[in-house]
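This report describes the packing of secondary-structure elements in one protein model. The sequence and coordinates are shown first, and the description follows.

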Amino acid sequence: MARHNLRTVIGFEVGRTLSKRRFWITTLMVPIGIGIVMTLVILGNLSAASTTDAQADAAITFTYSDASGYVDPAVATRMGGTAVTDDAAAIADVKSGAEKAHFVYPADPSTAAIKVYGVDKGLFGNGEYDGVASHLLVVSAEDQIGDTALAAVARGDISVNATTYADGEKTAGFMGVIPPLIYVVVFFLVFTLLSNQMLTSTLEEKENRVTEMILTTLNPTTLIIGKIISLFIVGFTQVLVFLAPVLIAYVFFRGSLNIPEVDLSALSFDPAQMIVGALLAIGGFALFTGTLVAIGAIMPTAKDAGSLSAILIIFLIMPVYAVSTIISSPHSFVVQIFTYFPYSAPLTAMLRNAFGTLNGWEAAVVIVELFLLSAVVLQLAVRLFRYGSIQYTSRVSLKTVFARTRLEAAPSRS
C-alpha cells in the first residue's frame, strides 16, 4: 500500500506540475530566448560576412606618409596607396572629399599609433580604414622578413600543446575539468529554477485547506518523499529542455554561430570524479529540497517563507564569490569552512572535485554529511508538516512540535 501511495503521489505531483501552463512558459522561456539570440546572431553574421565581402571587393585609394620606413612602396601601390610628404595638404584633401583617406605612419609604430583620416562611411564602414592601414604595415613587415614562418612567429600565430604529468601519469588538464564541472552548472541551474517550487510544494495544500483530507489517506513521510522525488523528475525534465537548443545549435548551426568545434574525444572522463560529482549533486539537491520543504511546512504562506529561503540561497551562492580562492587555495581556512558547512558544501566540493583538489577522504566526509543531514532534514520536514498542516494563520513553533513528539513517545516507553 505504501509503495502504491508513493507512486500515486509522484504521479500526481509530476503530472500536476507538467500540466501547468505556467511551468512550460517558464521552462520554455530559456530555450526560446536562446533560439531568438541564435537567430539574431546568425542574421548578424550573415550580414557582417556580406559586408566584409563587399569591402574586400571594393577598391580603396589613399595617401600615406611613412616616418618609420617600414611601409613597402610596392605593397602600398598594389593596395591603392600613394606616398606624400605634406600631411597637412593630404588631410585637407580628405576634408574636401578629394581623397578618401590618408594614413600617417609614426617613426615607431610599436609605441605610437597610426593616424588615420578618412571620409565618413558610417559607424561600421569607417573600420575599413583601420584595417587597410594596419594590413599595409603588416604585409610590408612580412615582405621585409622574407620568411613566412618567421613572419607568423612575429605575429604570434603559434600554438602550444602542453603535456603534464603527475606521479608519472599523464594528466588530462583542462579537458578533464569540463565533465565534472557540468554537475556544478546543472545543480545551480536546477536549484535556481526549482527553488520556488520546492518552497511551495507543501504550502499549496495548506493554502488550499486540503491537508487534513490528504493526511487521512496518506502517511506524511510518503507524501514528503513523493514530493521530493517528483521535484527530481521535474528538474531532470527542465535540464533536458534547456540542453536541447544548445545541442541543436552545436550540431546544425555551429558554422553560422561561429561556435568553436569541440573535440569530444579529447575530453577526459575520470570515473571516480564523475561518481563523486553525481553523489555531491544528488546529496546537495536532496538537502536543499528537504530544507525548503521543511520551511514551507513551518510557514503559513509563501510570502512568509520567502525570508527564510533567501537566507538559504545566500548560503548556496557564497562559494561563487570565492571561486578564485577555491581554485587557487583549496586548503585555506575559508575554503575548508565552505567545504564542510552543509549548505555551502555542495558547490564548493563539486568545484574542488572538478579541479582535482578534493581528496578521497574529504569527498567521503562531505557525501556522508550531505546524505545523513538530508535524512535528518527529511524527518524534520515530515514532523513539521504533520503538526503544521492545519496551522494556516501562524508560524509553526519548533518547540511545540518537539514537545508533542516527546509526549507521544513517552507512553510507548512506559
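At what angle do helix α11 and helix α15 pack, and how far apart are their axes? This is a predicted model, in which local features need pLDDT of at least 70 and side-chain atom pairs count only at pLDDT 80 or more, while totals for chains, interfaces and linings use all residues. Residues are numbered from 1 along each chain as its sequence is written, and side-chain values use heavy atoms, with hydrogens and water left out.

**Helix α11 against helix α15**

Helix α11 (residues 271–298) and helix α15 (residues 345–354) pack at about 170°, and their axes are 9 Å apart. Because of this angle, α11 is roughly antiparallel to α15 (a term for angles over 145 degrees). Axes are lines fitted to C-alpha atoms, for helices over the stretch in contact, and angles run from 0 to 180 degrees between N-to-C directions. Helices (H or I, at least four residues) and strands (E, at least two) are DSSP runs, numbered from the N terminus.

On the α11 side, the contact involves Gln273, Val276, Gly277, Leu280, Ala281, Gly284 and Phe288; on the α15 side, Pro346, Ala349, Met350, Asn353 and Ala354. Contact means heavy atoms within 4.5 Å. The residues of this contact comprise eight nonpolar, four polar and no charged. In this classification, Ala, Val, Leu, Ile, Met, Phe, Trp, Tyr, Cys and Pro are nonpolar, Asp, Glu, Lys and Arg are charged, and the others, Gly among them, are polar.

Ala354, which is found in helix α15, counts as buried because its relative accessibility is 3%. Buried means under 20% relative accessible area, exposed over 50%, and partly exposed in between (1.4 Å probe, protein chains only). Not counting residues up to four places away in sequence, Ala354 touches Gly176, Val177, Pro180, Leu181 and Gln273. The C-alpha atoms of Ala354 and Pro179 are separated by 7.8 Å, although these residues lie 175 residues apart along the chain.

**The four-stranded sheet**

Four strands form an open sheet with mixed pairing, in the order β2-β1-β3-β4. Its edge strands are β2 (81–83) and β4 (115–118), each of which pairs on one side only. Neighbouring strands of this sheet are turned by 20° against each other on average, direction ignored. Two strands pair if DSSP finds at least two bridges between them. The pairings are listed below.

| Strand pair | Sense | Bridges | A residue pair |
|---|---|---|---|
| β1 and β2 | parallel | three bridges | Tyr64 opposite Ala83 in β2 |
| β1 and β3 | parallel | four bridges | Asp66 opposite Tyr105 in β3 |
| β3 and β4 | antiparallel | four bridges | Phe103 opposite Val116 in β4 |

In addition, Phe62 has Gly81 in β2 as its bridge partner.

How many of the residues of β3 are buried? The answer is five of its five residues. Ala101, Phe103 and Tyr105 are buried on one side of β3, and His102 and Val104 are buried on the other. In a regular strand, side chains alternate between the two faces of the sheet. Strand β1 (residues 62–66) is also mostly covered, with four of its five residues buried.

**Helices on the sheet**

Helix α4 (residues 87–96) packs on the sheet and touches β1, β3 (101–105) and β4, its direction making about 150° with that of β3. Helix α5 (residues 127–145) lies across β1, β3 and β4, and runs at about 45° to β3.

The buried residues of α4 are Ala90, Ile91 and Val94. They cover an arc of only 100° around the axis, and therefore lie on the same side of α4; the arc is that of the directions from the helix axis to the C-beta atoms. An α-helix has 3.6 residues a turn, so residues three or four places apart point the same way. The buried residues of α4 pack against β1, β3 and β4, whereas Ala88, Lys95 and Ser96 are exposed on the other side of the helix.

**The chain as a whole**

The protein chain contains 17 helices and six strands. Of its 414 residues, 37% count as buried. Among contacts in the protein chain with a separation of 6 or more, 71% are accounted for by residues 24 or more positions apart.

Notes. Angles under 35 degrees count as roughly parallel, over 145 as roughly antiparallel, 65 to 115 as roughly perpendicular and the rest as oblique.
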